[in-house]
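Let's take a walk through this model together. Have a look at it first, and then we'll go from the outside in.

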Amino acid sequence: MTDPPAIEFAHVQYRTTGNRILLNDLSLSVQRGEILMLLGASGSGKTTTLKLINGLLQASEGQITIDGKPLQDWDLIRLRRHIGYAIQEVGLFPHYTVRDNAALVPRLENWPPQKLKARVDEVLHMVGLPPQEFAARYPNELSGGQRQRVGLARALAADPPILLMDEPFGALDPITRVALQREFKQLQQRLNKTVVFVTHDVGEALLLGDRIALMESGRLSGVFAPRDFLESSDPAVKPYVEAFRAMQQVFD
Ligand SMILES: Nc1ncnc2c1ncn2[C@@H]1O[C@H](COP(=O)(O)OP(=O)(O)OP(=O)(O)O)[C@@H](O)[C@H]1O
Ligand SMILES: [Mg+2]
């Protein structure tokens with residue numbers, strides 16, 4: 001028997017309490033070890049999709065399955081342990097040090113202090129923040145890029161098989177962004193997580209994604225391998241490809 005997908009959406013709808021439909025008829029599967037990029041304009045429903053995956057929001061219709069088990073059958077605490085979430089705008093606690101921010105999830109799970117310290121040291125190294133230099137600092141003593149690295153360290157700390165990343169490199173200068181994208185790619189080759197990665201940057205989607213899921217106004221327009229995305233004649237894809245080509249032409 002083949003493994004079930006890590007994440008599966010079947011005809012999922014999400015409505016607000018005010019009956020606004022934010023996501024409609026979303027069907028999508030994410031394979032284990034895959035990086036799926038969720039690409040779409042602001043307001044298209046990307047963050048809403050991530051929140052449905054980790055149970056912060058509940059689907060109004062349809063079914064979401066995580067590792068073959070319907071979401072409603074998961075114990076919410078176990079689910080959160082299974083899924084690391086690097087949220088949009090990082091969301092670090094300002095009065096916690098880098099170490100305490102990174103340790104958040106393992107601490108909730110009452111890891112013994114020695115194991116906790118060793119693991120936090122390990123993930124801080126992983127994301128390029130040597131603990132001897134950074135662990136005792138507070139978020140306001142870091143650059144934006146360093147803060148995003150702490151967000152990533154926090155998502156990785158409990159070693160979850162699934163990672164949700166919401167525009168983790170969005171607010172960075174282009175040089176830092178490219179450096180972090182490269183590091184993330186290398187890290188992923190080593191860690192082999194299932195990743196759902198939100199971006200509105202088409203270059204980032206093409207660079208990092210095994211596949212690209214394009215969202216438009218709360219609907220999925222299609223899922224593409226990067227090469228197929230560039231060659232697609234789909235009217236929803238075209239503006240992205242044109243924007244990407246225009247960027248490239250600047251350097252021709
Ligand atoms: N609680 C809510 N009640 C009503 N509308 C909401 C709520 N949360 C989000 N929305 C709306 O739902 C739509 C999708 O929001 P979502 O945060 O998923 O977008 P996004 O694709 O992540 O956008 P961005 O790229 O700007 O982060 C937006 O139009 C937003 O205004
Ligand atoms: Mg968002």
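**From the surface to the core**

Asparagine 192 is exposed, because it has just 11 other C-beta atoms within 10 Å (exposed is 12 or fewer such atoms, buried is 20 or more and partly exposed is in between, with C-beta atoms placed from the backbone). This is a predicted model, where local features need pLDDT of at least 70 and side-chain atom pairs pLDDT 80 or more, while totals for chains, interfaces and linings use all residues. Residues are numbered from 1 along each chain as written, and chains are lettered from A and ligands numbered from 1 in the order written.

Asparagine 192 sits in the loop that links α8 (174-191) and β8 (194-199) (helices are DSSP runs of H or I with at least four residues, strands runs of E with at least two, numbered from the N terminus). Its C-alpha atom is 5.1 Å from that of glycine 33, though the two are 159 residues apart along the chain.

Now step into strand β8, where you'll find valine 195. Valine 195 is buried, because 23 other C-beta atoms lie within 10 Å. Setting aside neighbours within four places in sequence, valine 195 is in contact with Ile35, Leu36, Leu163, Met165 and Gln188 (contact puts C-beta atoms, placed from the backbone, within 7 Å of each other).

What about valine 196? With the neighbours within four places in sequence left out, its contacts include Ile7, Val30 and Leu164.

How values were computed
Two residues are in contact if their C-beta atoms, placed from the backbone, lie within 7 Å.
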